[in-house]
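Work through these exercises with the sequence and the 3D view side by side. Try each task before reading its solution.

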Amino acid sequence: MNRTPAVSLAAVETAEATQTKAAGSLNINAATAEELEALPGIGPALAERIIAWREENGPFTGEEDVLDVQGIGQATYEKIAPYINFGER
(Lines give C-alpha, C1' and ligand atoms only; values in the text may rest on other atoms or scores of the structure.)
Protein backbone atom coordinates (compact mmCIF):
# COMPACT_ATOMS: atom_id res chain seq x y z
CA MET A 1 0.00 0.00 0.00
CA ASN A 2 1.46 3.26 -1.15
CA ARG A 3 -0.05 6.13 0.72
CA THR A 4 0.62 9.74 0.00
CA PRO A 5 1.21 11.56 3.26
CA ALA A 6 -1.36 14.19 4.14
CA VAL A 7 -0.07 17.74 4.05
CA SER A 8 -1.61 20.26 6.38
CA LEU A 9 -2.71 23.67 5.17
CA ALA A 10 -0.32 25.24 7.68
CA ALA A 11 2.58 23.34 6.12
CA VAL A 12 1.61 24.56 2.66
CA GLU A 13 1.29 28.17 3.89
CA THR A 14 4.68 27.91 5.59
CA ALA A 15 6.25 26.53 2.41
CA GLU A 16 4.73 29.33 0.33
CA ALA A 17 5.97 31.97 2.76
CA THR A 18 9.42 30.37 2.76
CA GLN A 19 9.48 30.51 -1.04
CA THR A 20 8.52 34.19 -0.91
CA LYS A 21 11.31 34.88 1.58
CA ALA A 22 13.80 32.78 -0.38
CA ALA A 23 13.06 34.84 -3.47
CA GLY A 24 13.75 38.03 -1.51
CA SER A 25 11.49 40.42 0.27
CA LEU A 26 8.15 41.10 -1.35
CA ASN A 27 7.51 44.70 -2.33
CA ILE A 28 4.11 45.29 -0.75
CA ASN A 29 3.59 48.23 -3.11
CA ALA A 30 3.88 46.10 -6.23
CA ALA A 31 2.68 42.66 -5.06
CA THR A 32 -0.26 40.92 -6.68
CA ALA A 33 -3.06 39.38 -4.64
CA GLU A 34 -1.56 35.93 -5.27
CA GLU A 35 1.84 37.04 -4.00
CA LEU A 36 0.32 38.64 -0.91
CA GLU A 37 -1.63 35.46 -0.16
CA ALA A 38 1.68 33.58 0.08
CA LEU A 39 2.50 35.63 3.18
CA PRO A 40 1.70 34.04 6.55
CA GLY A 41 -1.73 35.08 7.83
CA ILE A 42 -2.81 36.76 4.58
CA GLY A 43 -5.78 35.23 2.79
CA PRO A 44 -7.77 36.45 -0.20
CA ALA A 45 -9.80 39.02 1.76
CA LEU A 46 -6.77 40.66 3.37
CA ALA A 47 -4.84 40.60 0.10
CA GLU A 48 -7.69 42.49 -1.56
CA ARG A 49 -7.82 44.99 1.32
CA ILE A 50 -4.08 45.60 1.02
CA ILE A 51 -4.44 46.29 -2.69
CA ALA A 52 -7.50 48.50 -2.13
CA TRP A 53 -5.65 50.53 0.54
CA ARG A 54 -2.73 50.94 -1.85
CA GLU A 55 -5.01 52.10 -4.67
CA GLU A 56 -6.85 54.59 -2.44
CA ASN A 57 -3.89 55.97 -0.45
CA GLY A 58 -0.82 55.47 -2.59
CA PRO A 59 2.23 53.43 -1.67
CA PHE A 60 2.80 52.02 1.78
CA THR A 61 5.70 53.81 3.45
CA GLY A 62 6.04 51.82 6.66
CA GLU A 63 4.50 49.77 9.43
CA GLU A 64 1.90 52.40 10.33
CA ASP A 65 0.39 52.27 6.85
CA VAL A 66 0.15 48.47 6.86
CA LEU A 67 -1.49 48.56 10.30
CA ASP A 68 -4.07 50.94 8.83
CA VAL A 69 -5.44 48.11 6.66
CA GLN A 70 -8.60 46.71 8.24
CA GLY A 71 -7.86 43.24 9.62
CA ILE A 72 -4.12 43.70 10.03
CA GLY A 73 -3.09 44.14 13.62
CA GLN A 74 0.28 44.03 15.31
CA ALA A 75 0.36 40.20 15.42
CA THR A 76 -0.30 39.85 11.69
CA TYR A 77 2.17 42.60 10.87
CA GLU A 78 4.86 40.83 12.90
CA LYS A 79 4.21 37.64 10.90
CA ILE A 80 4.63 39.35 7.53
CA ALA A 81 7.28 41.95 8.39
CA PRO A 82 10.28 39.67 7.66
CA TYR A 83 8.91 39.02 4.16
CA ILE A 84 7.94 42.50 2.97
CA ASN A 85 9.62 45.71 1.91
CA PHE A 86 8.26 49.05 0.78
CA GLY A 87 10.29 49.42 -2.42
CA GLU A 88 11.94 52.67 -3.36
CA ARG A 89 11.23 55.55 -1.02
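Buried means under 20% relative accessible area, exposed means over 50%, and partly exposed is in between (1.4 Å probe, protein chains only). This is a predicted model: local features need pLDDT of at least 70, side-chain atom pairs count only at pLDDT 80 or more, and totals for chains, interfaces and linings use all residues. Residues are numbered from 1 along each chain as its sequence is written, and side-chain values use heavy atoms, with hydrogens and water left out.

**Exercise 1. Lay out the chain.**
Task: find how many helices and strands the chain has, and their pattern along the sequence.

Solution. Start with the rule: helices (H or I, at least four residues) and strands (E, at least two) are DSSP runs, numbered from the N terminus. The chain holds 5 helices and 2 strands. Along the sequence they follow the pattern α-β-α-α-α-α-β. Next, take burial: 34% of the 89 residues count as buried. Last, take contacts, meaning heavy atoms within 4.5 Å. Among contacts with a separation of 6 or more, 44% link residues 24 or more positions apart.

**Exercise 2. Read the two sides of helix 3.**
Task: work out which residues of helix 3 are buried and which are exposed.

Solution. First, the length. Helix 3 covers residues 44-57, 14 residues in total. From first C-alpha to last it reaches 20 Å, close to the 20 Å expected at 1.5 Å a residue. The expected span is 1.5 Å times one less than the number of residues.
Second, the buried set: Leu46, Ala47, Ile50, Ile51, Trp53 and Arg54. These residues sit on the same side of helix 3 because they cover an arc of only 155° around the axis. The arc is that of the directions from the helix axis to the C-beta atoms.
Third, the other side: there Pro44, Glu55 and Glu56 are exposed.
Fourth, the partners: the buried residues of helix 3 pack against helix 2 (33-37) and helix 4 (63-67).
Finally, step past the end: Gly58, just after helix 3, takes a positive phi of about 90°.

**Exercise 3. Place Leu46 and Thr76.**
Task: find the contacts of Leu46 and of Thr76, leaving out residues up to four places away in sequence.

Solution. Leu46 is in helix 3. Its relative accessible area is 10%, so Leu46 is buried. Leu46 touches Gly41, Gln70, Gly71 and Ile72. Take Gln70: Leu46 and Gln70 are 24 residues apart in sequence, with their C-alpha atoms 8.0 Å apart in space.
Now Thr76, which lies in helix 5 (residues 74-80). Thr76 is buried because its relative accessible area is 15%. Its contacts are Gly41, Ile42 and Gly71.

**Exercise 4. Find the core.**
Task: name the residues that touch the most other members of the largest nonpolar core.

Solution. Such a core is a set of buried Ala, Val, Leu, Ile, Met, Phe, Trp, Tyr and Cys residues joined through side-chain atoms within 4.5 Å. The largest one has 21 residues, and Leu36 and Ile42 touch the most other members. Helix 2, helix 3 and helix 5 each supply at least two residues of this core. Helix 3 gives the most, with 5 residues.
Then list the contacts of Ile42, not counting residues up to four places away in sequence: Leu36, Glu37, Ala47, Ile50, Ile72, Thr76 and Ile80.

**Exercise 5. Trace the links of Phe60.**
Task: identify the aromatic partner of Phe60 and the side chain that has a polar atom 2.5 Å from the backbone nitrogen of Phe60.

Solution. Rings of Phe, Tyr and Trp (its six-membered ring) pair if their centres lie within 6.5 Å; planes under 30 degrees apart count as stacked, over 60 as edge-to-face and the rest as tilted. The count by this rule is 1 aromatic pair. Trp53 and Phe60 form this stacked pair, 4.4 Å centre to centre with 15° between the planes. Both Trp53 and Phe60 are buried.
The side chain is that of Asn29. Asn29 lies in the loop between strand 1 (26-27) and helix 2. A polar atom of the Asn29 side chain also lies 3.0 Å from the backbone oxygen of Phe86. Leaving aside neighbours within four places in sequence, Asn29 is in contact with Arg54, Pro59, Phe60 and Phe86.

Note on methods. Polar contact = N/O pair within 3.5 Å; in protein donor to acceptor, adjacent residues only side chain to side chain.
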